[in-house]
Amino acid sequence: MYGKSYPKQYVLADILSVEQGDSCPHCGNPLEISRAIEAGNIFQLGTQYTSPMHANFSGMDGTSQPLWMGCYGIGMSRMLACVIEENHDAKGIVFPESIAPFPYHLVTVGRNADVIAAAERIYESLGSDHVLFDDRDVHAGVKFIDADLLGLPDRITVSKRTVETGQVECRNRKTGNSTFISIDELGASAHRL
């Protein structure tokens with residue numbers, strides 16, 4: 001209740017939603033609506049916490065004064081949301097190489113013993129910290145849809161057809177371009193397909 005629940009010095013105002021082109025109440029220029037993401041925030045706390053703790057410093061004149069405090073936060077989950085908001089398409093995330101959880105999404109097609117052996121060899125040569133290995137017993141289409149949804153930079157597909165030629169298919173998530181590379185060369189060129 002005004003005057004009881006909160007002091008009367010609070011300003012009362014008519015609040016409304018604005019639309020593109022409405023006039024700014026301060027300068028009269030047309031407003032422009034833009035999309036934004038709050039990636040971080042600042043709280044200016046003043047001496048609210050430092051005074052009770054007697055967290056002081058000596059001023060230029062030698063007097064003891066409380067420290068002024070502020071909190072500055074950048075949330076990791078907010079940063080990830082920002083990255084995804086700016087790097088996606090209709091199929092899912094398109095992670096930039098610099099922050100992808102893994103550079104490679106290794107996908108097997110079929111349960112052929114040669115395919116599994118080749119994929120495991122590739123997984124070992126690239127290193128487990130560089131590869132998300134999808135060896136689930138599901139249809140290839142499910143794996144490809146999931147790979148696009150997760151959005152790792154490069155998908156490496158190992159199938160009976162590619163193993164018979166001694167190669168794997170490497171597909172870039174951002175461009176959609178595919179190339180074939182020798183299984184033997186893959187480990188050596190792994191850090192830039």
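## Close-up views of a predicted model

**View 1. L16, V18 and I33 make a nonpolar surface patch of about 300 Å².** Residues are counted from 1 along each chain in the order its sequence is written, and side-chain values rest on heavy atoms, without hydrogens or water. The model is predicted, and local features need pLDDT of at least 70, side-chain atom pairs count only at pLDDT 80 or more, and totals for chains, interfaces and linings use all residues. A patch consists of residues with over 30% relative accessible area and no salt bridge, like charges being joined within 9 Å and nonpolar side chains (Val, Leu, Ile, Met, Phe, Trp, Tyr) within 5 Å. Accessible areas come from the Shrake-Rupley method with a 1.4 Å probe, and for residues only the protein chains shown count as cover. V18 sits in the segment before β1 (40-46). Its relative accessible area of 44% makes V18 partly exposed (buried is under 20%, exposed over 50%, partly exposed in between; 1.4 Å probe, protein chains only).

**View 2. An open sheet holds five strands in the order β8-β7-β9-β10-β11, with mixed pairing.** The strands at the edges, β8 (131-134) and β11 (178-182), each pair on one side only. On average, neighbouring strands in this sheet are turned by 25° against each other, direction ignored. Strands (E, at least two residues) and helices (H or I, at least four) are DSSP runs numbered from the N terminus. Two strands pair if DSSP finds at least two bridges between them.

**View 3. Helices α3 and α4 against the sheet.** Helix α3 (residues 113-126) packs on the sheet and touches β7 (104-108), β8, β9 (154-158) and β10. The direction of α3 makes about 165° with that of β7. Helix α4 (residues 140-150) lies across β7, β8, β9 and β10 and runs at about 175° to β7. Contact means heavy atoms within 4.5 Å. Axes are lines fitted to C-alpha atoms, for helices over the stretch in contact, and angles between N-to-C directions run from 0 to 180 degrees.

**View 4. β10 and β11 form a hairpin with five residues between them.** The two strands run antiparallel, and five bridges join β10 (residues 167-172) to β11. One residue pair can be followed across the hairpin: E169 has F180 in β11 as its bridge partner. In the turn, G176 has a positive phi of about 80°.

**View 5. D134 and D135 at the end of β8 and in the loop that follows.** D134 is found in strand β8 and is buried, at 7% relative accessibility. Leaving out residues up to four places away in sequence, D134 touches H105, L106, V107, T108 and K143. D135 belongs to the loop between β8 and α4 and is partly exposed, with a relative accessible area of 38%. With the same sequence neighbours left out, D135 touches T108, R111 and K143. The C-alpha atoms of D135 and I116 are 8.0 Å apart, the two residues being 19 residues apart along the chain.

**View 6. A salt bridge joins R136 and D134.** The closest N and O atoms of the pair are 2.9 Å apart. A salt bridge is a side-chain nitrogen of Lys or Arg within 4 Å of a carboxyl oxygen of Asp or Glu. R136 is partly exposed at 35% relative accessibility, whereas D134 is buried at 7%. In the whole structure, a search finds nine salt bridges.

**View 7. D89, D148, R171 and R173 are linked in a network of salt bridges.** Within this network, R173 pairs with D148, with 3.7 Å between the closest N and O atoms. R173 lies in the loop between β10 and β11 and D148 in helix α4, so the pair ties together parts that are 25 residues apart in sequence. R173 is buried at 5% relative accessibility, and D148 is buried at 10%.

**View 8. K160 and E164 form a salt bridge in helix α5.** The N to O distance is 3.5 Å. Both residues lie in α5 (residues 160-164), four residues apart, about one turn of the helix. K160 is partly exposed at 48% relative accessibility, and E164 is exposed at 59%.
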